[in-house]
Amino acid sequence: MAEELVGPSVFSYNLTVETPIDIDEMIYILSPEDLPMLGGVNSDGFPVLPSSPVGDTTFYWLEDEVPLPRGTLNEDLDGSETDVTMATGDAVKFAVGDGIRIDAEVMIVTAVNPSTEVLTVSRGSASETNTTAATHTTGAEVIGLGTILIEGAVGSANFQGRDKYSNYCQIWTKKINMSRTEQSIKKYGVPSEWARQLKNAIHHAAVGREQAALYGVKHIVSATNRRQTGGAAHFLTTNVDSTTDWLTVESIEAMQELAYNQGGSFDLVTAHPAAFAALTNTTGSERVQTVMIDDARRGRKRAQVVMTEYGEVQLVRNRWVRGTDAFALKRGNFSERKFAPMQVQKLAKTDDTDTSMMVCEGGFQVKGEAHRGRWTGPDSSRPLPADLV
């Protein structure tokens, strides 16, 4: 007669010794183990996200911007006006004595007002600049020609102060409790239940750090000193593409151009694998790699890099990036700052239960955000670009 057990839960130790139990030794764990940002290694052997120590719970970095003497006309300009209205942030790129060119006309800057974004100029004439005053429309490019001065004169400064950025160190911690009896009971597929639970807790904290690196929002509650560290999405605000459905060679090259025009570059793009489907496509003008028919694989190879006129970009697939996002980053300029590395400490023992705490503290630093980028519109449910089908 079969053994009958009554109760809401039945465990292996409820069964008598005569009852055979056939169970696989290994337990299959349904848990993503990969941490591409924190633990990923590039083909050159260096980590995707490097780390360095920091000595305080708030850390700072400075960015010194050298003004590029290029700007945009923000208002139509007729042939007699002497006030040139520039786009926001452009006036400070020029100084008194500079020559500027708009279309075919050269003008001389006589005053700069950064608060109103207005350059006061003397207009082009045959005797002064060998050009003629003309009308110019909004959006025209303003090109700086450097100082155009009479002999013995000296140009004025257009020094631009440094920008100071900061972030907070966040605390990631977990605690496990387990009685001595529970630790001693043999478990199928688990040599040490304590070690297994410790590993799971450490990994859970690491996943939190991985996601904070991408989506953390910088904040501090002054009353309790509870700190949140800001991640890539918090700091990357200059080059944001909200309209592109698919990551393609063109969209990556367009983002590279934005960074290039700001004086920098990025070397990796991280996104959910689905966002790279257009790049791996084997038909159309976007084709990145084709596997020859005599190749044993007989299919397609997933794209690892994109090479454009602006350089090579590594593609980093990351399950933790939302399907509607992608990030253009540069190793070294996006880094983890560690105030305290992950440590495991046993807490005071008050009964027959062991208690351990694991804790680490740190934050993330994003240097040169104008040289990085972010896409906020990828949508793998949308049709592929027309030239890919």
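A residue counts as buried here when its relative accessible area is under 20%. Keep that cut-off in mind for this predicted model: of the 389 residues in the protein chain, 37% are buried. As for the outside, the accessible surface of the protein chain adds up to about 22200 Å², and carbon and sulfur atoms own 52% of that.

Now for the fold itself. DSSP-style bookkeeping gives the protein chain 6 helices and 20 strands. How do the contacts spread along the sequence? Take those in the protein chain with a separation of 6 or more: 73% of them join residues 24 or more positions apart.

With that backdrop, let's look at a couple of backbone oddities. Most non-glycine residues have a negative phi. Against that background, have a look at N130, which isn't a glycine yet has a positive phi of about 65 degrees. Where does N130 sit? You'll find N130 in the loop that runs between β7 (118-122) and β8 (141-147). Is N130 buried or exposed? Its relative accessible area is 67%, and since anything over 50% counts as exposed, N130 is exposed.

The other stop on the tour is N225. Here too phi is positive, near 60 degrees, in a residue other than glycine. Scroll to the loop between β11 (219-221) and β12 (226-228) and you'll land on N225. Its relative accessibility is 41%, so N225 falls in the partly exposed class, the one that lies between the buried and exposed cut-offs.

Terms used:
Residues numbered from 1 in each chain as written. Predicted model: local features only at pLDDT ≥ 70, side-chain atom pairs only at ≥ 80, totals over all residues. Heavy atoms only, no water. Helix = DSSP H or I, 4+ residues; strand = E, 2+ residues; numbered from the N terminus. Buried < 20%, exposed > 50% of the residue type's maximum accessible area, 1.4 Å probe, protein only. Contact = heavy atoms within 4.5 Å. Areas by Shrake-Rupley, 256 points an atom, 1.4 Å probe, with all protein chains shown as cover.
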